[in-house]
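User: Hey, can you walk me through the charged residues in this one?
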Amino acid sequence: MSLNFVLTSLVIIGYIPNLVNSDIGVTGGVTIGHMNTTLSVTCTLHNITLDNEAEVEWNKGDVELADVAGYSIDNSRIDTSFSSILTVDGSVNNRDDAYDCKFTFLNSTYNNTSRIFLFIVTPHGGDVKRGDNAELSCVMTDIVKNLTVTWEDSSGVDMSTLAGYSYTSGINVAGVQTSVLSITETNKSENYTCTLYPGPEPYSTTVELLVSGGARVQSALL
């Protein structure tokens, strides 16, 4: 009698031996992003050695999210892992939240929690006379770790590569981090892009410098 036949028979009668489930577990994830943007979190069920599909349920508190507007779920199986991605639309993504995932596999359930942490970026531009020095900044609030920040001009040039320009990412202090672009002897109005890297998806915003005598350029949020 084959092992597969034995396992199949045991599944049918509702008994799952330890060799099937003993190493199965769920990992949750953490996503960091800007408030009111569309973000995703993932839960993954590991070490499932049989071909059976898992069922997954996502909840926020006591609310199951499968049919709730603003949320979508995408599941996939790769080898011995079953992953579920919950996407939270920007229209409902307005606070830090915990999302509970529950997998059902061979009559057993496995749970974990994934979290979304949101921050806000406030750009601070400048209005100076030609030839004056200037400092522009991006202030990040409600952050949970130090974020890498870069600055570019409207042509996409990294400002750290140009003479007369320098910037710092800043350091997270009590949930607030300030990145500063310093410019020596300004000579024109310009829109600079401040880009943060909280995770796989960067977030960018425009910071405007207005130099007296220069034409004002239209500001746009990227």
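Analyst: Sure, we'll go through the salt bridges, then a buried residue, then confidence; keep in mind that this is a predicted model.

User: How many salt bridges are there?
Analyst: The count comes to three. Asp-97 pairs with Lys-60, with the closest N and O atoms 3.7 Å apart. Asp-97 sits in strand β8 and Lys-60 in strand β4, so this pair ties together parts that are 37 residues apart in sequence.

User: Which residue forms a salt bridge with Arg-95?
Analyst: That's Asp-97, and the closest N and O atoms are 3.1 Å apart.

User: And what about Glu-190?
Analyst: Glu-190 meets Lys-188 in a salt bridge at 3.8 Å, N to O. Glu-190 is buried at 8% relative accessibility, while Lys-188 is partly exposed at 45%. As for shared partners, Lys-60, Arg-95 and Asp-97 are joined into one network.

User: New topic: where does Asp-153 lie?
Analyst: In the loop between β12 and β13. Asp-153 is buried but has no salt bridge.

User: Why no salt bridge there?
Analyst: The cut-off is 4 Å, and the nearest side chain of opposite charge, Lys-188, is 6.0 Å away from Asp-153, so the pair doesn't count.

User: What's around Asp-153, then?
Analyst: A polar atom of its side chain lies 3.0 Å from the backbone nitrogen of Val-157. Further along the sequence, Asp-153 contacts residues including Met-159, Glu-190 and Tyr-192.

User: Which residues have pLDDT under 50?
Analyst: Residues 1–21 stay under 50. Where pLDDT is low, the predicted coordinates shouldn't be read in detail. The chain averages 88, and 86% of the residues score at least 70.

How values were computed
Residues numbered from 1 in each chain as written. Predicted model: local features only at pLDDT ≥ 70, side-chain atom pairs only at ≥ 80, totals over all residues. Heavy atoms only, no water. Helix = DSSP H or I, 4+ residues; strand = E, 2+ residues; numbered from the N terminus. Buried < 20%, exposed > 50% of the residue type's maximum accessible area, 1.4 Å probe, protein only. Lys, Arg positive; Asp, Glu negative; His and termini not counted. Polar contact = N/O pair within 3.5 Å; in protein donor to acceptor, adjacent residues only side chain to side chain. Contact = heavy atoms within 4.5 Å. pLDDT = per-residue confidence, 0-100. Lists of a residue's contacts leave out its neighbours within four places in sequence.
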